[in-house]
Amino acid sequence: MGARGSAAPGAFWRELAESLRNPEFWALSSWLDIIVRARKSRFGVLWLLAPSVVYVFGLGMFFRGLQPGGGSSGFFAYVALGAMVFRTLMSSVVGSASVFNGSQSFIMDGHMRLTDFLLQSLAKSFFDFCMYLPVVAAALVILGDVSLPGLLWAVLAIAVIYLNGLWISAVFSLAGARFSDFSQLLNNISIFLFLLTPIIWYPEMMPEGSLRAHLMRINPFYHFVEIFRAPILGEPVEVLSLWYVGIMTLVGLLVATFAYRRYARYVPLWI
């Protein structure tokens, strides 16, 4: 990929379309990475389910007892749906920050589009999402009362979430190429973001008008989780969350388009 091509106004979308038409590299390499991780473990693919089990039923069991009245069986579904969205997005965010540095030899060879590596990062995130599905299904069975229209809405919500994952990957991968410590910074703040997002606690627990409540509502992970989780649980989605996600999606895609056009040419120099 030459610098002249990256400077074109539609470089990001043109190269992204080409990558989608040729998934041989990013789809297969992501799958092989999953297979290699599974084969290194004695438990195979079952070991890949361990994080979701720990998040949902480990943390869920502990924090369920801290809820008023001891919590309900629906708390597992609440935690499962929230953790799945958070894990999916955070995997994309953290993975994209180091994707160019980790693919230096391929990029310097000059035969791969940078968008191939962005889609590789998103594909790995999607596999993490799939690893949550069995545990989420079990939690929903325990709940026993799932909104079928909410499940249809959730399909649209996850598409919007991955659309945001795309622009986040584009912007953060460029930042990660320029600043080698960027991925470590994201890893360090991921725990704070997890605790700031209502996954193992309910938003109603935050005192109205408090600093903690304001921090929760400016946290984008909160809104992404809500537009996915609330309909499945039969709850209304806040209008604020719809506006927040809609504006963030449009602005983010514009920022990604500009950033890629402006800085993609420098990636081989930065890494």
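Ring pairs join Phe126, Phe127, Phe129 and Tyr162 into a cluster. Rings of Phe, Tyr and Trp (its six-membered ring) pair if their centres lie within 6.5 Å. Planes under 30 degrees apart count as stacked, over 60 as edge-to-face and the rest as tilted. Within this cluster, phenylalanine 126 and phenylalanine 127 form a tilted pair, 6.4 Å centre to centre with 55 degrees between the planes. Phenylalanine 126 is partly exposed, at a relative accessible area of 40%. Phenylalanine 127 is buried, at 17%. Buried means under 20% relative accessible area, exposed over 50%, and partly exposed in between (1.4 Å probe, protein chains only).

The model is predicted: local features need pLDDT of at least 70, side-chain atom pairs count only at pLDDT 80 or more, and totals for chains, interfaces and linings use all residues. Residues are numbered from 1 along each chain as its sequence is written, and side-chain values use heavy atoms, with hydrogens and water left out.

Now the overall fold. The protein has 14 helices and 0 strands. Helices (H or I, at least four residues) and strands (E, at least two) are DSSP runs, numbered from the N terminus. Of the 271 residues, 47% count as buried. About 13700 Å² is exposed, and carbon and sulfur atoms supply 69% of that area. Accessible areas come from the Shrake-Rupley method with a 1.4 Å probe; for residues, only the protein chains shown count as cover. Contacts reach across the sequence: among those with a separation of 6 or more, 76% join residues 24 or more positions apart. Contact means heavy atoms within 4.5 Å.

One helix pair deserves a closer look. The axes of helix H9 (residues 148-178) and helix H13 (residues 239-263) come within 8 Å and cross at roughly 35 degrees. Axes are lines fitted to C-alpha atoms, for helices over the stretch in contact, and angles run from 0 to 180 degrees between N-to-C directions. The crossing of H9 and H13 is left-handed. That term applies if the near helix is turned anticlockwise from the far one by less than a right angle; clockwise is right-handed. H9 contributes residues including Trp153, Val160, Leu163 and Trp167. H13 contributes, among them, Leu242, Val245, Met248 and Gly252. By class, the contact has 16 nonpolar, 3 polar and no charged residues. Ala, Val, Leu, Ile, Met, Phe, Trp, Tyr, Cys and Pro count as nonpolar, Asp, Glu, Lys and Arg as charged, and the others, Gly among them, as polar.

Leucine 254 also lies in helix H13. This leucine is exposed, with a relative accessible area of 62%. Its C-alpha is 8.6 Å from that of tryptophan 167, and the two are 87 residues apart in sequence. Glutamate 235 sits in the loop between helix H12 (220-232) and H13. Glutamate 235 is partly exposed, at 43% relative accessible area. From glutamate 235 to glycine 150 the C-alpha distance is 8.7 Å, across 85 residues of sequence.

Back to the rings. The structure holds 15 aromatic pairs. Phenylalanine 100 and phenylalanine 117 have ring centres 6.5 Å apart and planes at 90 degrees, so this pair is edge-to-face. Phenylalanine 100 lies in the loop between helix H6 (74-97) and helix H7 (104-109), and phenylalanine 117 in helix H8 (residues 114-143), so the pair ties together parts 17 residues apart in sequence. Both rings belong to buried residues: phenylalanine 100 has a relative accessible area of 1%, and phenylalanine 117 has 0%.

Leucine 118 is found in helix H8 too. Leucine 118 counts as buried, at 0% relative accessibility. What does leucine 118 contact, leaving aside its neighbours within four places in sequence? The partners are Phe12, Phe100, Ser169, Ala170 and Ser173. The C-alpha atoms of leucine 118 and alanine 170 are separated by 6.6 Å, although the residues are 52 apart along the chain. Alanine 170 is also one of the H9 residues in the contact with H13.
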